[in-house]
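Please look over the structure below with its sequence beside it. The report that follows goes through salt bridges, a pocket, a surface patch and some backbone angles.

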Amino acid sequence: MLNELLQKTFFGNTALSYIIVAGAIVLGLILVKIIASVVIGGLRRWTAKTAGKLDDIIIEIMRKNAVPLLYYGVFYVATRSLVLPSALDRSINVIGVILLTLLSIRLISGLIVYIFEHYWLKDADLEKKRGFKGVIPAINVLLWGLGIIFLLDNLGFKISTVIAGLGIGGVAVALAAQAVLGDLFSYVSILMDRPFETGDFIILESGHLGSIEHIGIKSTRLRSLGGEQIIVSNSDLTSSRIRNYKRMQNRRVVFKLGVIYQTPLESLKEIPVIIEKIITDLSDTGFDRSHFSSYGDFSLDFETVYYVKSSDYNKYMDIQQAINLAIFEEFEKRSIEFAYPTQTIFMEKTGEQPTLS
């Protein structure tokens, strides 16, 4: 009786075949569970001893993606021994392709996010990391779009028409959102190249200047010296020449002073020596040169060049102030007078007397 029941055919397969397949599926799922636990557990214990985090991320991605694929593999292999209707057989194959596509997209997305966070943004500040989180949805949309196209192609759909339609629609969207997309790509460029960071003081080619307050997806905000906020689109920033004073190692300083024409020759020779000594005695400075450079309209002009070994503007002004005060003090000791705009009129006296008519 039992043998007859087991040999009874349902939908082209005996009851015994269904039981064997069900048992194989249950046994296969249990084996996959055990093997996954043992293998992944062993790998986790091994990676816990390593310094890097890449292996930990790969194992976590495998746990979330490879294990479900193995479960499906058990079901797929077990059902191959059954005679299935063509529609059901095709449905199983479609489910496999969909599952493989989804897991592949998740794998690629996880690796891209990991590379960005642990390599490109390793030393970035919190604001930049938050900005990158705004780009992640755009990356995922691109990956899912490519994945859906790949899926449709493997399912036998003619995607050439779909791609053509997407191409026309993409051109229309790109033209409509050209400025937004340009700013988005410029933001990615700033994120990768790092021409400036939050807190840097920059001067744009357009003449705008200020400290970077926030780098957004579409625009960057500057705080000017006057206190107002300047908002500049990212595309304008990437297409402009930028001076980044925060990354300046040494500040080259040139200043001039003038003394009166009545200054004695010995004092003129002494002035460059005085200035050199003043600058070299100060810390964080490097003397370059000081020369009697030219004859001015009302002064004898000296030009001095030195370097401040810091990018701090306040420090530069403190040093320049100290130099100016020291020069004033030394000139006062030596009775050397600074020149100021003057005009001397020479009148020649003649012997002729004015006549009256």
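## Salt bridges within helices

Asp281 and Lys277 are four residues apart in helix H9, which covers residues 265–281, and so they are separated by about one helical turn. In this predicted model, the two side chains form a salt bridge in which the closest N and O atoms are 2.9 Å apart. Asp281 is exposed, with a relative accessible area of 54%, and Lys277 also counts as exposed, at 52% relative accessibility.

A pair in helix H10 can be described in a similar way, since Lys333 and Glu329 are four residues apart in that helix and are therefore separated by about one helical turn. Lys333 forms a salt bridge with Glu329, and here the closest N and O atoms are 3.9 Å apart, which can be set beside the cut-off of 4 Å that a salt bridge has to meet. Lys333 is exposed, with a relative accessible area of 56%, whereas Glu329 counts as partly exposed at 43%. Both residues belong to a network of salt bridges that links Glu270, Glu329, Glu330, Lys333 and Arg334.

## A salt bridge between loops

The side chains of Glu205 and Arg241 meet in a salt bridge, with a distance of 2.8 Å from N to O. This pair links distant parts of the chain, for the two residues are 36 residues apart: Glu205 is in the loop between E3 and strand E4 (209–215), while Arg241 is in the loop between helix H8 (234–238) and strand E7 (242–244).

Are these two partners buried or exposed? Glu205 counts as partly exposed, at 49% relative accessibility, and Arg241 counts as exposed, at 62%. Counted by the same rule for nitrogen and oxygen atoms, the salt bridges come to 10.

## The second largest pocket

The second largest pocket has a volume of about 320 Å³. Two elements, strand E3 (201–204) and helix H10 (313–333), give two or more residues to its lining. The residues that line this pocket include Phe201 and Ile203, as well as Tyr313 and Asn314. Others in the lining are Gly199, Leu209, Leu225, Tyr245, Lys246, Arg251, Ser311 and Asp312.

Which classes of residue make up this lining? By class, the lining has six nonpolar, three polar and three charged residues.

## A nonpolar surface patch

Val26, Leu27, Ile30, Leu31, Ile34, Ile35, Val38 and Val39 make a nonpolar surface patch of about 720 Å². One of these residues, Leu31, lies in helix H2, which covers residues 15–47. Leu31 is partly exposed, with a relative accessible area of 43%, and this value is over the 30% that a residue needs in order to be part of a patch.

## Two positive phi angles

Most residues other than glycine have a negative phi. Against that background, two residues can be pointed out. Asp284 has a phi near 60°, a positive value in a residue other than glycine, and Asp284 lies in the loop between H9 and strand E9 (285–295). Its relative accessible area is 34%, so Asp284 is partly exposed.

Ser335 likewise has a positive phi, near 55°, and is a residue other than glycine. Ser335 is placed in the segment after H10, and at 64% relative accessibility it counts as exposed.

Notes: Residues are numbered from 1 along each chain as its sequence is written. This is a predicted model: local features need pLDDT of at least 70, side-chain atom pairs count only at pLDDT 80 or more; totals for chains, interfaces and linings use all residues. Side-chain values use heavy atoms; hydrogens and water are left out. On a 1 Å grid over the protein atoms alone, a cavity is a set of points where a 1.4 Å probe fits but cannot get out, and a pocket is an open set with protein on both sides within 12 Å along at least five of seven lines; lining residues have an atom within 4 Å of a point. Grid points are joined across faces, edges and corners, and a volume is the space filled by probe spheres set on the points. Ala, Val, Leu, Ile, Met, Phe, Trp, Tyr, Cys and Pro count as nonpolar, Asp, Glu, Lys and Arg as charged, and the others, Gly among them, as polar. Patches are made of residues with over 30% relative accessible area and no salt bridge: like charges are joined within 9 Å, nonpolar side chains (Val, Leu, Ile, Met, Phe, Trp, Tyr) within 5 Å. Accessible areas come from the Shrake-Rupley method with a 1.4 Å probe; for residues, only the protein chains shown count as cover. Buried means under 20% relative accessible area, exposed over 50%, partly exposed in between (1.4 Å probe, protein chains only).
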